[in-house]
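The following exercises concern charged side-chain pairs. Each task is followed by a solution in steps.

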Amino acid sequence: MQDLQSLETEITANLAGAADLDAVENIRIAELGKKGRVSLLMRELGKMTPEEKKEFGPKLNQLKNTLNDAVQSRKDSLETELLNKKLQSESVDITLSAAETDLGSIHPITQVMDEVTEIFTEMGFSVAEGPEIEEDFYNFTALNIPEEHPARQMHDTFYFPEDEEGNRKVLRTHTSPMQIRTMLAGEPPYRIIAPGRTYRNDSDATHTPMFHQVEALVIDKDIHMGHLKWCIEEFCKKFYERDDIKIRFRPSYFPFTEPSAEVDIGCAFEDGEILIGEGDDWLEIMGCGMVNERVLENVNLDPSEYQGFAFGLGLDRAAMLKWGIPDLRDFFAADLRWLKHYGFQALDIPSLSTRTSVVRGSK
Ligand code: PHE
C-alpha cells in the first residue's frame, strides 16, 4: 500500500494549485471519483487480512474525509475569489459626476392647455378634438354665419381652393365648429371642451396667424345664463389662482350665440405689465353666450327642449396673462433660450392625449 501521507500531501498541493473550479473538479474525479486513486485503494481493502484492514481502514477513511474537505474548501475559496472579482469589476463608482443631459421643457401653450383641460375635466367636461382643415359648413354656415354675412370678413380666413362642387375648405378660424361636430355626432346632453389650433390672417405683437383656443359647450334641459356665469367664474378663479378675481360680462354679438357677451377680468396696467385681479382696468379674455336657437335647429335639436351655452377662450392670451409673457410672436419663434426661460418642468399632469375623445360629425 502506497504511503498515504505522501499521497495526501501530493493531492492537497495539487488542490492548492488548482486555478479554477474546473481544475478542482478534475482533481476530485481523478482521486476520489469511482476510478480515482483513493477509491482504488479502498477497493484493495477487500483483499487484505483482517489485521491489515484494521490498520489501513481507518487511515484510508481519514484520508478520504480529509481530501473531501480539502476539495470543498478549495471550491469555496475559489468561489469567493470569483465573487469578489465580479463585485470589483461591476462596482458603480458613485463619485463620478453624471453626464450632462439636455432637459426638455414644456411649452407654455402645452402647459396652459393641460391646466385648462384639468380644470374643466374636474368640472365634468370631456375633451373633444376635431380637424384644423375645416369645412365651410362647420366653421361658418351651421354656426349661423351664412354666405355674405359680414362676420365672415371679420375672421380673415385662410381659404383653400374651391373643389369641383364649388366648396372651399378653410383653416378653422375658431374652435366653434366643434360645437356643431359634437352636436351632430351624438345625443344631448353635451358637456365638452375642445382645445386646439386656430388660424386667421393676422400678425402683430398680440396676433399670430396660428393661435389656440378652447371651446366649451354645455347643452341640456334648463341650462341658463347663471350656469354660464358660474362656470366662467369658477374657471377664472382656478386658472388665475385667486378667489377675489373680478369678472364683467359685457354685451356683445356673435352670430352663434344669443344673447352674447364678452368676458373681461379686472386688472391693472403698471409699467407695461398687466396685473390680474388688481386695479380698475379690464381685459377681455373670452367670448360667450347662450347657443343661438338657429344653431340648435341646424343640428336638429328642439330649442324649446334643449338650451345651453358656449364660450371660446384664447389660450395664447391666457398664457401671456398668467405668466407675464409680453410678445405673442415669441411663442412660435422656436428660440430655445426663450423656451428655457418660459418653459415648464415636466410635471405629472395627465396630458391631453391620454383622454381625448375624438368627435367626428357629418352633415
Ligand atoms: N368663436 C368665438 C371667437 O373666436 C368665441 C366664442 C365662442 C363666442 C363661443 C361665443 C361662444 O371669437
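A salt bridge is counted when a side-chain nitrogen of Lys or Arg lies within 4 Å of a carboxyl oxygen of Asp or Glu. The model is predicted, and it holds 19 salt bridges.

**Exercise 1.** Determine which parts of the chain the salt bridge between K322 and E115 ties together, and whether each residue is buried or exposed.

*Solution.*
Step 1. The N to O distance between the side chains of K322 and E115 is 2.6 Å, within the 4 Å cut-off.
Step 2. K322 belongs to helix α11 (residues 315–323) and E115 to helix α5 (residues 108–122), so the pair ties together parts 207 residues apart in sequence.
Step 3. Buried means under 20% relative accessible area. K322, at 19%, therefore counts as buried, and E115, at 17%, is buried as well.

**Exercise 2.** Locate E132 and R197 in the secondary structure and classify their accessibility.

*Solution.*
Step 1. The closest N and O atoms of E132 and R197 are 3.1 Å apart, in a salt bridge.
Step 2. E132 sits in the loop between β1 (126–129) and β2 (133–135), while R197 is in strand β4 (residues 190–199); the pair thus connects parts 65 residues apart in sequence.
Step 3. E132 is partly exposed at 24% relative accessibility, and R197 is partly exposed at 38%.

**Exercise 3.** Describe the salt bridge of D264 with R250 and name the network that includes both residues.

*Solution.*
Step 1. The closest N and O atoms of D264 and R250 are 2.8 Å apart.
Step 2. D264 is in strand β7 (residues 257–270) and R250 in strand β6 (residues 247–254), 14 residues apart.
Step 3. D264 is buried, at 2% relative accessible area, whereas R250 is partly exposed, at 28%.
Step 4. A network of salt bridges links R248, R250, E262, D264 and E284.

Methods. Residues numbered from 1 in each chain as written. Predicted model: local features only at pLDDT ≥ 70, side-chain atom pairs only at ≥ 80, totals over all residues. Heavy atoms only, no water. Helix = DSSP H or I, 4+ residues; strand = E, 2+ residues; numbered from the N terminus. Buried < 20%, exposed > 50% of the residue type's maximum accessible area, 1.4 Å probe, protein only.
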